[in-house]
Amino acid sequence: MKQAPITHNKPTSQSTITKQRTPMDWLFISLIAIAVFITGISKGGFSGAFGILAVPLISLQTSPMLAAAIMLPILCIMDIFTVQKFWKKWNTEQLIKCIPAAITGVIIGGLTASWFSAEWLKIMVGVIAVGFTLNSWPKKSRTAPQKPLSTFAGKLWCALGGFTSFIAHAGGPPMSVYLLRANLDKTQYVATAAVIFTAINYVKLIPYGMLGQLNSSNILLSLCFTPVAFLGVQLGAWLHYKISTTLFFKVMYSFLFLTGIKLIWDGATGLS
């Protein structure tokens with residue numbers, strides 16, 4: 001489950017944005033529309049599993065920092081659409097466990113952002129994601145569900161998800177490590193994850209704004225794609241109900257593995 005990145009550099013000024021892109025740059029606009037649509041499908045049906053494609057896709061025509069700033073507001077809108085689509089289908093027990101821990105992780109990340117290397121955290125989370133996928137991939141020989149993690153372990157993973165979401169833009173894999181072991185059905189999984197990441201993303205708006213990552217230009221451009229986001233979420237929810245539970249979780253594990261590989265790559269190239 002992939003969230004919008006935050007960088008701790010100086011914000012891009014509106015004049016700089018204007019120089020980088022003009023309103024008539026249709027290739028740029030098309031890439032944003034495709035990224036938003038893919039992310040909407042991902043959030044609406046697969047808990048954001050392949051939303052990791054969004055920022056790299058937009059970055060083909062602009063900087064990753066601007067791509068992330070454009071995606072953040074529309075991600076928050078998608079969260080609302082997804083929660084509405086899966087209203088009351090979440091697991092309340094898991095929300096009670098996860099949300100306070102995840103928000104605590106975001107707060108810790110906001111207070112300690114300058115202490116940590118985002119690149120090393122990406123590598124760490126990537127290794128965790130790859131290792132967990134290889135160990136937990138659904139096997140025909142496995143007849144009983146995997147044992148859920150303890151409440152304490154769950155809170156640690158959720159706090160790590162909130163923390164890495166703020167520091168290294170990688171909150172999805174730690175959260176998936178916990179939720180994929182919670183033995184939820186596919187709809188409960190998506191609904192529960194949607195509520196958790198809604199809480200994370202909206203809490204993150206506060207430090208993002210304080211760090212100067214949001215400006216009116218980015219927000220207005222992002223919100224122009226609200227109809228595209230809505231259609232993507234609707235299609236994702238439709239696909240969610242069409243595929244089997246077995247295939248759904250294979251998709252989830254596959255994209256968790258690919259996300260882990262990408263995080264390792266991003267971290268390693270960032271260090272070089």
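Let's start from the outside: the protein exposes about 12300 Å², and carbon and sulfur atoms supply 70% of that area. Keep in mind that this is a predicted model. Of the protein's 272 residues, 52% count as buried.

Now for the architecture. You'll find 12 helices and zero strands here, so reading along the sequence gives α-α-α-α-α-α-α-α-α-α-α-α. As for how the chain meets itself, take the contacts between residues at least 6 apart in sequence: 86% of them join residues at least 24 apart.

Next, have a look at helix 12, which covers residues 245-271. With 27 residues at 1.5 Å a residue, helix 12 should span 39 Å, and its end C-alpha atoms are indeed 39 Å apart, so the two figures agree. Several residues of helix 12 are buried, among them Phe-248, Phe-249, Met-252, Leu-256, Gly-260 and Leu-263. A bit of background helps when you look at a list like that: an α-helix has 3.6 residues a turn, so residues three or four places apart point the same way.

Move back to helix 9 (residues 186-210) and pick out Thr-198. Its relative accessibility is 16%, and because the cut-off for buried is under 20%, Thr-198 counts as buried. Leaving aside residues up to four places away in sequence, Thr-198 touches Asp-79 and Val-83.

Finally, return to the surface. Phe-37, Phe-230, Leu-231, Leu-235 and Trp-238 make a nonpolar patch of about 470 Å². Helix 11 (residues 226-242) gives the most to this patch, with four residues. Trp-238 lies in helix 11, and with 49% relative accessibility, Trp-238 counts as partly exposed.

Definitions and conventions
Residues numbered from 1 in each chain as written. Predicted model: local features only at pLDDT ≥ 70, side-chain atom pairs only at ≥ 80, totals over all residues. Heavy atoms only, no water. Helix = DSSP H or I, 4+ residues; strand = E, 2+ residues; numbered from the N terminus. Expected span 1.5 Å × (residues − 1). Buried < 20%, exposed > 50% of the residue type's maximum accessible area, 1.4 Å probe, protein only. Contact = heavy atoms within 4.5 Å. Patch = residues over 30% accessible without salt bridge, like charges linked within 9 Å, V, L, I, M, F, W, Y side chains within 5 Å. Areas by Shrake-Rupley, 256 points an atom, 1.4 Å probe, with all protein chains shown as cover. Salt bridge = Lys/Arg side-chain N within 4 Å of Asp/Glu carboxyl O.
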